[in-house]
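Here is a friendly walk through one protein chain, written for someone who likes to see the atoms behind the statements. Have a look at the structure, then read on.

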Amino acid sequence: MGCRREFFWLVILTARPLIVRPPKDTRVQLGYDAVFACTASATTPVGVTWVKENSRMQAKALTNTVKYLIKENIGYNSTFGIKMTVSLLVVKHVQLADARNRYWCTTTSKEGTADSSAARIFWSQKETEPYSVDVLEMREHRSIEYGEDITLSCVV
């Protein structure tokens with residue numbers, strides 16, 4: 001008797017957008033920059049919009065007078081037709097007043113809308129502790145077989 005194997009691919013044609021990695025609370029010293037990251041996924045390319053206390057934020061060019069910077073839509077494709085989008089919000093030169101605000105991200109596609117939970121800035125009077133980092137950009141996409149070796153590199 002023989003053993004019969006069957007393989008199939010699942011392709012998702014349409015799905016509501018989803019915030020797969022919401023922004024997290026961050027702790028910084030006064031005068032330093034705070035950075036929030038948001039990752040959204042959907043079957044169609046989506047954009048990420050940042051919200052501060054119920055007001056949508058606009059992307060600004062980098063200047064010395066700008067308080068908020070948005071690195072828009074660092075996008076990449078995932079497997080099975082899902083598109084992932086990463087967006088960064090930078091709050092420049094944090095002051096005590098910035099700690100009163102809540103920041104979150106939202107994404108919309110023709111299939112629906114998704115909102116993240118809110119994140120806040122907490123200030124510290126001493127040097128901040130090292131923190132974890134998120135993958136912000138995938139330089140390449142490769143498939144490997146189970147048991148194969150793969151080398152990953154990281155630039156800090």
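What follows goes from the overall fold to the contacts between side chains, and then to the surface and the backbone.

**The fold as a whole**

Please keep in mind that this is a predicted model. The chain contains zero helices and 10 strands, so to speak a pattern of β-β-β-β-β-β-β-β-β-β when read along the sequence. Of its 156 residues, 33% are buried. Among contacts with a separation of 6 or more, 65% are between residues 24 or more positions apart. The accessible surface of the chain is about 11600 Å², and carbon and sulfur atoms account for 53% of that area.

**The disulfide**

Which cysteines are joined by a disulfide? The bond runs from C38 to C105, with an S to S distance of 2.0 Å. The two cysteines sit in distant parts of the chain: C38 belongs to strand 3 and C105 to strand 8, 67 residues apart. The count of disulfides in the model comes to one. Both C38 and C105 are buried. The disulfide is right-handed, because the torsion about the S-S bond of C38 and C105 is about 70°. As a reminder, a disulfide is a covalent bond between the sulfur atoms of two cysteines.

**Aromatic rings**

How many aromatic pairs does a search of the whole structure find? The search finds two. One of them is formed by Y68 and Y103, with 6.4 Å centre to centre and 50° between the planes, a tilted arrangement. This pair, too, links distant parts of the chain, since Y68 is in strand 6 (residues 68–77) and Y103 is in strand 8 (residues 103–109), with their positions 35 residues apart in the numbering. Y68 and Y103 are both buried. Ring pairs also bring in F36, giving a cluster of F36, Y68 and Y103.

Strand 8 therefore appears in both topics: the disulfide reaches it through C105, and the tilted ring pair reaches it through Y103.

**Salt bridges**

The count of salt bridges comes to three, and the table lists them with their N to O distances.

| Basic residue | Acidic residue | N to O distance |
|---|---|---|
| K92 | D33 | 3.2 Å |
| R102 | E53 | 3.4 Å |
| K67 | D98 | 2.8 Å |

Take the bridge between K92 and D33. K92 lies in the loop between strand 7 and strand 8, while D33 lies in the loop between strand 2 and strand 3, so the pair ties together parts 59 residues apart in sequence. K92 counts as buried because its relative accessibility is 15%, under the 20% cut-off. D33, at 32% relative accessible area, is partly exposed.

Next comes the bridge between E53 and R102. The pair links distant parts of the chain, with E53 in the loop between strand 4 and strand 5, R102 in the loop between strand 7 and strand 8, and 49 residues separating them. E53 is partly exposed at 29%, and R102 is partly exposed at 30% relative accessibility.

The remaining bridge joins K67 and D98. It links distant parts of the chain as well: K67 is in the loop between strand 5 and strand 6, and D98 is in the loop between strand 7 and strand 8, 31 residues apart. Is D98 buried or exposed? D98 is buried, because its relative accessible area is 5%, whereas K67 counts as partly exposed at 26%.

**A nonpolar patch on the surface**

L30, L96 and W123 form a nonpolar patch on the surface, and together they have about 260 Å² of accessible area. L30 is located in the loop between strand 2 (26–29) and strand 3 (34–42). With a relative accessible area of 37%, L30 is partly exposed.

**Positive phi values**

Two residues are worth a look in the backbone. E53, already met in a salt bridge with R102, has a phi near 45°, a positive value in a residue other than glycine. The loop that holds E53 runs between strand 4 (47–52) and strand 5 (55–56).

H93 also has a positive phi, about 45°, although it is not a glycine. H93 is found in the loop between strand 7 (83–91) and strand 8. At 42% relative accessibility, H93 counts as partly exposed.

Key: Residues are numbered from 1 along each chain as its sequence is written. This is a predicted model: local features need pLDDT of at least 70, side-chain atom pairs count only at pLDDT 80 or more; totals for chains, interfaces and linings use all residues. Side-chain values use heavy atoms; hydrogens and water are left out. Rings of Phe, Tyr and Trp (its six-membered ring) pair if their centres lie within 6.5 Å; planes under 30 degrees apart count as stacked, over 60 as edge-to-face and the rest as tilted. Helices (H or I, at least four residues) and strands (E, at least two) are DSSP runs, numbered from the N terminus. Buried means under 20% relative accessible area, exposed over 50%, partly exposed in between (1.4 Å probe, protein chains only). Contact means heavy atoms within 4.5 Å. Accessible areas come from the Shrake-Rupley method with a 1.4 Å probe; for residues, only the protein chains shown count as cover. Patches are made of residues with over 30% relative accessible area and no salt bridge: like charges are joined within 9 Å, nonpolar side chains (Val, Leu, Ile, Met, Phe, Trp, Tyr) within 5 Å. A salt bridge is a side-chain nitrogen of Lys or Arg within 4 Å of a carboxyl oxygen of Asp or Glu. A disulfide is a pair of cysteine sulfur atoms within 2.5 Å.
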